[in-house]
Structure formats: C-alpha cells, structure tokens
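Student: I have a protein model on my screen and would like to understand the labels people attach to its residues. Could we go through some of them together?

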Amino acid sequence: MTSPPGRSSKPLSSTALRQLVSDLAGKIDRLEQEVEQLRLDNSNLRRDNQALKDEIARLKHLPPRPPFKPSGMEKATEPRPTGSGRRPGRGAKRDRVTREVTLQVEVPPGSRFKGYKTVVQRDLILTAEVVRYKRERWVTPEGQTIIAPLPVGVTGGYGPGVRRFCLALHTQGQVTTERLTDLLNGIGLSISKREVVRLLTTDLELFEQEDRAVLQTGLTSSPYITVDDTGARHARRPGVTTQIGGERFCVFRTGRSKSRLNFLSLLRGDCEDYVVNEAALDYLRRQPVEAAVVARLTKLQGQVFRSDLDWLEHLARCSINIFDRPLLQTLNEAATWGAIRHHGLMDNTVVVSDDAGQFRIAQHALCWIHAERHLQKLMPASPKQAKAVELVRETIWCFYRGLKLWKQSPAPGAEASFRRQFNRIFGQRTGYKELDELLARLARRKNELLRVLARPEIPLHTNASENDLRAWVIKRKVSGGTMSVDGRVARDVMLGLSKTCRKLRLSFFTYLGDRLGLNPGQPKIPPLAILVARAT
C-alpha cells in the first residue's frame, strides 16, 4: 500500500515522541499559568472598579456596595431533593367560599341528573363606603341636650377598614404614603396624605403592647435568638435598627447607638432598672475592671435601682468615679445584664450573630456564613496563594456540610471527631501569611463556631435575621427615614408584627382585621405572645 503524496509514513522515534510530549506539557503549564494570571488581573480590575464605584458613591453621599458576593456555602451544602422535588408544606391552600351560586340549565325530558361541575372564581371588590350618620338631638325640660350615640367602633372620620387597608399596604406592600393617598382617592375615598399618615402612626397602643409581649415571651421561651442590625435615619440623624428574632418571632428596634449597652437595653425590654446580683458581678469580673471597683460594687449585691439617677447616686456613694465614661459604661452593662437575668430573661438562650462585638454576650454562637466570608476578602498575589485559598474553602465547605447533616439527626460521640477535624482545618499553615492569620483568628473562635455541638437546635447562620432585615431595608429605600417618634415606633412595631405573623403562618391582613374588630364572625386570633410560647 502506497502512502499519499506529501505525507511521510515514517513513525516518530521514542526520543522525538518524548520530546513532543514534553513540549506539549510545557505549553499546557504555561497556558495554566497565563490563565491564573488573567484571573488575578481580572480580580484586581474588579477591585479597582469597585473602588471607583465606592468613590463615586461617597461623592454622591450614597452607601457603598460590598466588594464581595454573598457566600454560596449554605446553598452548595444543601442536600439534593429526592422524589418529586416539591418543598414540604407548600401545598395549595383552600379558599374559603363566601358565596355559592347554583346555575340551572334547561334539558330535554327524560334526562338524568349527574351532579354538578364546580368552578371556583376568585375576585376582589374594592369600593368606598361613605356613611352619613344623622344623630338625633333632644333638649330635655331641664335644658340638657341629648345626642344619639355613634355605633360601637365608629371614631373619627375614617373607619377601621380604611386603617387596615393602609396598614397592610404600607407595611407588607411597601406602598408609600403618596401612592396610598392617590390609590384611596382613585377608589373614591376622599382623603389627604396627612390623614393617611395619622392612620399609620397614631392609636397603635394595642399593637405596641403586643409587640412588647412578643419580645418578652421570645426572650423567655426561645432556645436561641438570631440578631443583626442595619443603618437607619431618624429626624435627619443617622441611627441603627436592630433585629431580634427566633424561629417564631421577630422584633425591630431603632435607636442612635449600636453599642453593647444599647443591645442589652433592648433585651431588658420595657424595664429601666439596674440590678446588682451574681450575674452582674460575673459579667464585671470578665471585664478589665480593677478589683477594688468590683469589691465596692459587691456591697450593693441584691439591690434593685429603679432609675438612672438612683443608680448613679449609689455608685457615687461607693466612691466610684461616675465621670470615667468607659468605666461607667462597663458598670451599666453589668447592671443591665443583671436586670435581664433578674426578670428571668435569657436564661439558657444562645445568641447567634455575625462577628459584631456588641452581640457577644451570654452563650454566643458565631455565624458560619460570616466566618467563611472573610476568605472572599483575601486578595491573592500569585496562583499559588489563590490555589491555597480555594483548597481551604473546599475543606471548610465539606466540614460545614457534615455539621448540617449531623444537626438533622445528632449522633452521640461524634462531637470529638468534629473538634479534631476543626483543629486540623484551622490549625494548618499554608505559607500565605494573610490566610494563615485568618485561620488562626477563626481557630480562637472555636467554641463559638462549634456551639451547635452542645446545642443542636440552634442554627448555623444568621440568614433568618438578614431575611427579616431585608424588608426593613426595602422600606428604608422606598420611604426614607422617619421624622416623628410615632413614625419610628409605628414602622418598627408593624414590620415586626408582620414578620411574626408570617413565621406563625398567620395572615397579617386577617390579624389586622381581628385586632381592629372587623372579623366578628370568625374565631379570634389569640395573642401572638401565646402562639410564640406554644410554638417554641
């Protein structure tokens, strides 16, 4: 057989073949290095681009965006769905039929009746109802004027149905007061923006009391709370909104400071007292406070101080310098924590939070998502460093997946194995200085990251708090800040009750109607605090 013209049929020698394979392997290595270098260059360009965006946002007085993407660890470690893939508890809801109509048809004689073919139509009727009450006026022989009373529940110029409509759309629907005013006027209800604001912010004492009771019950009965905070504006000044929530409740509180004292004051609830007890003294001994100060405060053990003035007077009598602000803040924190424990709150409750220092109280657990997020902030300068970061992230994800599986069905005896794996992962040294320092820092938080081994019922992350805060952030972006105290309280209270109803699988619209007396023929929804206690 002859070979085609222009081609050589002579096979390559072993030396030439080895040389060819060696050249190809070298080219592949060079291409891989070039790809890694391009990835690093792309990362640096993204960082520079983000820095320019942050500078533009600063000049425009806008908040900068975070320079890293959300962690994918939680989603990537979810077990794959089996079966049909439908999420549990997501079945179709049955609508409550409000009216039934039977449609008849003419049929030939001798036809047989075969039942009904049912069709359900869903509709919504919005109409304005304006009622004029003509109240009789009489004058008695003695000259006294008697006027017929209004029906129960009729106060002011707008009924409870309008209030429920405004509260539901403004809280859940994120509708601004301007659009809400236009909507109501378009339906046929003459109302001003000022009246809409009044309906949203006044006469909410009933809801405020229920919101406070929800927080009290949640702190008493819940095995854990997840907490987070975000920026806020009130009366044209910057502030902070703190979210405190559990599996069945959620509350928001807006204030000026995000200090630990502020957080402890929120946990104290409506109480304003200071208590010196064993819990307060234990808290104080863990702080950098002189032993002489602790000894003087020990003389006040067992006393309850009802106000700030009373508390400061007793501190001054104990020869404690109340003008030393750092010392005074530490003493206030200790006495506030003593009041929390005095009222039976936070008895065995675990606080799950990110790495914010103000939340590190009592039994504290660290969010794994926030801990792993620090790895994304590293800026490797070489392909070797980038590879080291990737390998560490993969091992942490595998460890996290194992924790999640164990948490679903805790098996005794596995805690020691998890602790050994933790020591191997966070005790390794890669030669990348910043990565090794980060691993060492996370290793020092071992007890907080592995708190779940002693308390399997607590979550591994604070995603629930971030989801709850997202509604508050959207409200802030849509409506801006608040100006009056009533507006600030109304926003926190109604958003908190809305989230609590959602966690309890209650309709917020039905809840509003029940509390405003609009559902007389339906079973009354129990106080939310009772439902929170039952659920936990």
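Student: Why is E208 called partly exposed?
Tutor: Happy to start there, and do keep in mind that this is a predicted model. E208 has 24% relative accessibility, and partly exposed covers the range between 20% and 50%, so E208 counts as partly exposed.

Student: What makes R212 and E208 a salt bridge?
Tutor: Their closest N and O atoms are 3.9 Å apart, and the cut-off is within 4 Å, so the pair qualifies. Both residues lie in helix α6, 4 residues apart, which is about one turn of the helix. R212 is partly exposed at 31% relative accessibility.

Student: Why is D229 called buried?
Tutor: The relative accessible area of D229 is 16%, and buried means under 20%, so the label fits. The salt-bridge partner of D229 is K258, with the closest N and O atoms 3.8 Å apart. K258 lies in the loop between β5 and α7 while D229 is in strand β3, so the pair ties together parts that are 29 residues apart in sequence. K258, at 46% relative accessibility, counts as partly exposed.

Student: How do you know that E178 and K193 meet in a salt bridge?
Tutor: The N to O distance between their side chains is 2.8 Å, and the limit is 4 Å, so the pair passes. E178 belongs to helix α4 and K193 to helix α5, so this contact ties together parts 15 residues apart in sequence. By the same rule, the count comes to 22 salt bridges. There is also a network of salt bridges linking D355, R360, R441, R445 and E448.

Student: Let's turn to the sheet. What makes β5 and β9 edge strands?
Tutor: The sheet is open, with 5 strands in the order β5-β4-β3-β8-β9 and mixed pairing. β5 and β9 each have a single partner strand, so one side of each is left without a neighbour in the sheet. From one strand to the next, the twist averages 30°.

Student: How do you know that β4 and β5 pair?
Tutor: They share 6 bridges in the antiparallel sense, and pairing asks for at least two, so β4 and β5 count as paired. Within this region, G245 stands opposite C250 in β5.

Student: And what packs on the sheet?
Tutor: One of the helices is α7, which touches β3, β4 and β5, its direction making about 50° with that of β4. Helix α18 packs there too, touching β3 and β5, with a direction about 160° from that of β5.

Methods:
Residues numbered from 1 in each chain as written. Predicted model: local features only at pLDDT ≥ 70, side-chain atom pairs only at ≥ 80, totals over all residues. Heavy atoms only, no water. Helix = DSSP H or I, 4+ residues; strand = E, 2+ residues; numbered from the N terminus. Axes fitted to C-alpha atoms, helices over the stretch in contact; angles between N-to-C directions. Contact = heavy atoms within 4.5 Å. Buried < 20%, exposed > 50% of the residue type's maximum accessible area, 1.4 Å probe, protein only.
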